[in-house]
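Here is a short report on one protein chain. Please keep the sequence and the structure in view while reading.

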Amino acid sequence: MKPEDTEPQGGGKRPQDHTGNNLTGARTLSSLQELRAAVNECKRCPLWKAATQGVPGEGLVPSALMLVGEGPGDSEDLRGQPFVGPAGGVLDQALHAAGLDRRSVYISNAVKHFKFESRGKRRLHIKPSTGEIEACRWWLAEELRLVGPKLVMALGATAARAILGQPVTVSQTRGVPTRLSASAHLWVTIHPSLLLRITDEAQRHKEFDRFVQELKDALAWIAKNPS
Ligand code: URA
């Protein structure tokens, strides 16, 4: 059992993380079917207040490959599913080009609630803070335990930070598998939303192809490394 899993008895002071977030709402899951309800009850950081709902990971369980993004965007917040907006469209295309689809992997996020600022009627995504990433690591750890991946692909620096518990530079770590545990490795790559921001078409195609190749390489790595 993880230390935060026990609530203090007799009205004692609740445990807090280093940013002062109350570490309430953490519980050990018996299956990932409990994750949606658990993240919807979670108040370990303030993001639940403005979000429509929590967005748990979804896909194949157990799965050799687990993809982790940053956090839900506007569409994900409304639908309660990860990667169903514009970045999800790019991810689906890349998975397809690599011979995969989202049902053949497990897809989740470092943070399970949408963080945004309102601009008129639009809700603009904001990067989660270190404290929010730390608070949500509980659920990511539960997903890792229950999905049991051989390879975890961190889509971008926030995901890599959440998995490793320390800051990571994507360009320095990209594509080199590093050991996470006795049974799992980490592979850091770009977040697919980066591809949406490249305005030069030739450059965008080049980066998309590189991302697809990485997904293929990750699959080949899994096949070559039977745990
Ligand atoms: N970006 C993410 O990191 N995750 C999503 O689910 C959608 C967009």
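The report goes from the overall fold to the core, the ligand shell and selected residues.

## Overall picture

The model is predicted. The chain has 227 residues, and 41% of them count as buried. Eight helices and eight strands are assigned in the chain.

Long-range contacts are well represented. Take the contacts between residues at least 6 apart in sequence: 65% of them join residues at least 24 apart.

## The nonpolar core

The largest nonpolar core has 53 residues. Val68, Cys136, Val152, Met153, Ala154 and Ile163 touch the most other members. Helix H4 gives the most to this core, with eight residues. As a general rule, nonpolar side chains tend to be buried together in soluble globular proteins.

Two of these residues can be followed further. Methionine 153 touches Leu65, Leu67, Trp187, Thr189 and Ala218, leaving aside residues up to four places away in sequence. Cysteine 136 lies in helix H4. It counts as buried because 24 C-beta neighbours fall inside 10 Å, and the cut-off for buried is 20 or more. With residues up to four places away again left out, cysteine 136 touches Cys45, Ala110, Val111 and Lys112.

## Helix H4 against helix H5

How do the axes of H4 and H5 cross? Helix H4 covers residues 130-147 and helix H5 covers residues 157-164. Their axes come within 9 Å and cross at roughly 70°. H4 is therefore roughly perpendicular to H5, since angles of 65 to 115 degrees fall in that class.

On the H4 side, the contact is made by Ile133, Arg137 and Leu140. On the H5 side, Thr158, Arg161, Ala162 and Ile163 take part. By class, the contact has four nonpolar, one polar and two charged residues. Ile163 of H5 also appears among the core residues that touch the most other members.

## Around the ligand

There are 13 residues around the ligand. Gly69, Glu70, Pro82, Phe83 and Ala87 come nearest. By class, the shell has four nonpolar, seven polar and two charged residues.

Phenylalanine 83 has further features. It is found in the loop between helix H2 (74-79) and H3. It counts as buried, because it has 29 C-beta neighbours inside 10 Å. Its phi is positive, about 50°, although it is not a glycine.

## Backbone exceptions

Most residues other than glycine have a negative phi, and most peptide bonds are trans. Phenylalanine 83 departs from the phi rule, with its positive value of about 50°.

The peptide bond between valine 61 and proline 62 is cis, with omega about -10°. Proline 62 is found in the loop between strand S1 (58-59) and strand S2 (65-69).

## Residues far apart in sequence

Which residue 97 places away in sequence lies 9.1 Å from cysteine 136, C-alpha to C-alpha? That residue is valine 39. Glutamate 142 is also placed in helix H4. Is glutamate 142 buried or exposed? It counts as buried, because 22 C-beta neighbours fall inside 10 Å. Its C-alpha atom is separated by 9.4 Å from that of serine 30, 112 residues apart along the chain.

Two further residues belong to other helices. Glutamine 93 is found in helix H3 (residues 86-97). It counts as partly exposed, because it has 15 C-beta neighbours inside 10 Å. Glutamine 93 and valine 212 are 119 residues apart in sequence, yet 8.9 Å apart in space, C-alpha to C-alpha. Leucine 219 is placed in helix H8 (residues 201-224). With 18 other C-beta atoms within 10 Å, leucine 219 is also partly exposed. Leucine 219 and alanine 64 are 155 residues apart in sequence and 9.0 Å apart in space, again C-alpha to C-alpha.

Note on methods: Residues are numbered from 1 along each chain as its sequence is written. This is a predicted model: local features need pLDDT of at least 70, side-chain atom pairs count only at pLDDT 80 or more; totals for chains, interfaces and linings use all residues. A residue is near a molecule or strand if its C-beta atom, placed from the backbone, lies within 6 Å of it. Ala, Val, Leu, Ile, Met, Phe, Trp, Tyr, Cys and Pro count as nonpolar, Asp, Glu, Lys and Arg as charged, and the others, Gly among them, as polar. Axes are lines fitted to C-alpha atoms, for helices over the stretch in contact, and angles run from 0 to 180 degrees between N-to-C directions. Helices (H or I, at least four residues) and strands (E, at least two) are DSSP runs, numbered from the N terminus. Angles under 35 degrees count as roughly parallel, over 145 as roughly antiparallel, 65 to 115 as roughly perpendicular and the rest as oblique. Two residues are in contact if their C-beta atoms, placed from the backbone, lie within 7 Å. A nonpolar core is a set of buried Ala, Val, Leu, Ile, Met, Phe, Trp, Tyr and Cys residues joined through C-beta atoms within 7 Å. A residue is buried if 20 or more other C-beta atoms lie within 10 Å of its own, exposed if 12 or fewer, and partly exposed in between; C-beta atoms are placed from the backbone.
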